[in-house]
Amino acid sequence: MEMTKRPRRLRGKDTLRRMVRETRMDKSSLIYPMFVVEGKDIREEIPSMEGQYRYSIDRMDYELERLQKAGVDKVMLFGIPAVKDEVGSGAYAENGIVQRALREARAQFPDLYLITDVCMCEYTSHGHCGVLCDHYVDNDKTLELLARTALSHVEAGADMVAPSDMMDGRVAAIRQILDKNGYVETPIMSYAVKYASSFYGPFRDAAGSAPAFGDRKSYQMDYHNRREGIKEALLDVEEGADIIMVKPAMSYLDVVREVADRISLPVAAYSVSGEYAMVKAAAKMGWIDEEKIICEMAASAYRAGTDIYITYFAKELAGFMDEGRIG
Ligand code: PBG
């Protein structure tokens, strides 16, 4: 049989397959999301996210050390305050949970790169990502509070802020307040293309941030939409974002690809809590191979064009990369 083109020729041996590999990954692109909670001596497992914990500030070092040892030097902090109110005061309090965690982490781990999630939903009594006017989240009033929150994080030592609220104009508002206060060099990673997704379910258990009424569809995006994602990404580029994030990752890789093709900023993909929980649950049942699935999910996100991968599996992935099982 005459056949000059045989794709299998390049698949014969592992050494060869590795040589012609198109997608390569690196530990330096991993970010680990982590929950800090008020209180003392707390390291409590999140029931819907086996293997993930809420740490009080005095116990954070346990996890931060393990991360550094694994070669993951970037964390994204989420705060769980003791009290919540209508206007999410804890989000921008000078001694709020994230602000104190930042000061502590900054002092103890000077080499860690500290990113913070900037949002109101963990801090508001109603669980929405902004302040309410009747039952509607008031965009422009929320901007002011988000900007204050971002500034308070940076003042407490954050290297980068990541607004996740999906209000219009928040990147510009945050850029403006940071610049005005002399933080012109602090980058903003915008959750620019964030869908209203049921994949956030376990996170909301972890942070106690499920909305008390309604849903987030009046600010997070409708998952039927692709072009709108591009619109959001381009708007945030205009407003001064430094990195554009697409979230969730796994079911949204078409959007990751298109955003990566259309903008010239680094792209991040966030593999969210529901993705993590599904892998954990199925692996526990013995229905999938956890390690192989983690690697395949990560590789597909990078293949789709992400430069940065935010994942609860960051430590595991770093280990797999070290062992040459992926990357
Ligand atoms: C805050 C925020 C959420 C997540 C990241 N930042 C929850 C939400 O929007 O409801 C989800 C992360 C995850 O599911 O892992 N707005």
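User: What makes the link between the side chain of Q220 and the ligand a polar contact?

Analyst: In this predicted model, an N or O atom in the Q220 side chain is 2.9 Å from an oxygen atom of the ligand. The cut-off for such a pair is within 3.5 Å. The value meets the cut-off, so the pair counts as a polar contact.

User: How do you know that R216 and D117 make polar contacts with the ligand too?

Analyst: Apply the 3.5 Å cut-off again. For R216, a side-chain N or O atom is 3.0 Å from an oxygen atom of the ligand. For D117, a polar side-chain atom lies 3.2 Å from a ligand nitrogen atom. Both pairs therefore qualify.

User: How much of the ligand does the protein bury?

Analyst: The protein buries 100% of the ligand's area. Taken alone, the ligand exposes 400 Å².

User: Which cavity is the space taken by the ligand?

Analyst: That space is the largest cavity. A cavity is a space where a 1.4 Å probe fits but cannot get out.

User: Which elements give two or more residues to the shell around the ligand?

Analyst: Strand β9 (189-194) and helix α6 (201-207) do. In total, 19 residues surround the ligand. The closest are K194, R204, K247, S273 and Y312.

User: What classes of residue make up that shell around the ligand?

Analyst: The shell has 11 nonpolar residues. Another five are charged, and three are polar.

User: Why is the pair R18 and D14 called a salt bridge?

Analyst: The side chains of R18 and D14 meet at 3.0 Å, N to O. A salt bridge needs a side-chain nitrogen of Lys or Arg within 4 Å of a carboxyl oxygen of Asp or Glu. The pair passes, so the name fits. The whole structure has 23 salt bridges.

User: How far apart are R18 and D14 in helix α1?

Analyst: They are four residues apart in α1 (residues 14-19), so about one helical turn separates them.

User: What kind of peptide bond joins K247 and P248?

Analyst: The bond is cis, with omega at about -10 degrees. P248 lies in the loop between β10 (243-247) and α8 (253-262). K247 is also among the residues closest to the ligand.

User: What makes the phi of D134 worth a look?

Analyst: D134 has a positive phi of about 55 degrees, yet D134 is not a glycine. D134 sits in the loop between β6 (132-133) and β7 (136-137).

Key
Residues numbered from 1 in each chain as written. Predicted model: local features only at pLDDT ≥ 70, side-chain atom pairs only at ≥ 80, totals over all residues. Heavy atoms only, no water. Near = heavy atom within 4 Å. Polar contact = N/O pair within 3.5 Å; in protein donor to acceptor, adjacent residues only side chain to side chain. Areas by Shrake-Rupley, 256 points an atom, 1.4 Å probe, with all protein chains shown as cover. 1 Å grid on protein atoms, 1.4 Å probe; cavity = no way out; pocket = protein on both sides within 12 Å on 5 of 7 lines; lining within 4 Å. Sits in = over half its atoms within 2 Å of the grid points. Nonpolar A, V, L, I, M, F, W, Y, C, P; charged D, E, K, R; others polar.
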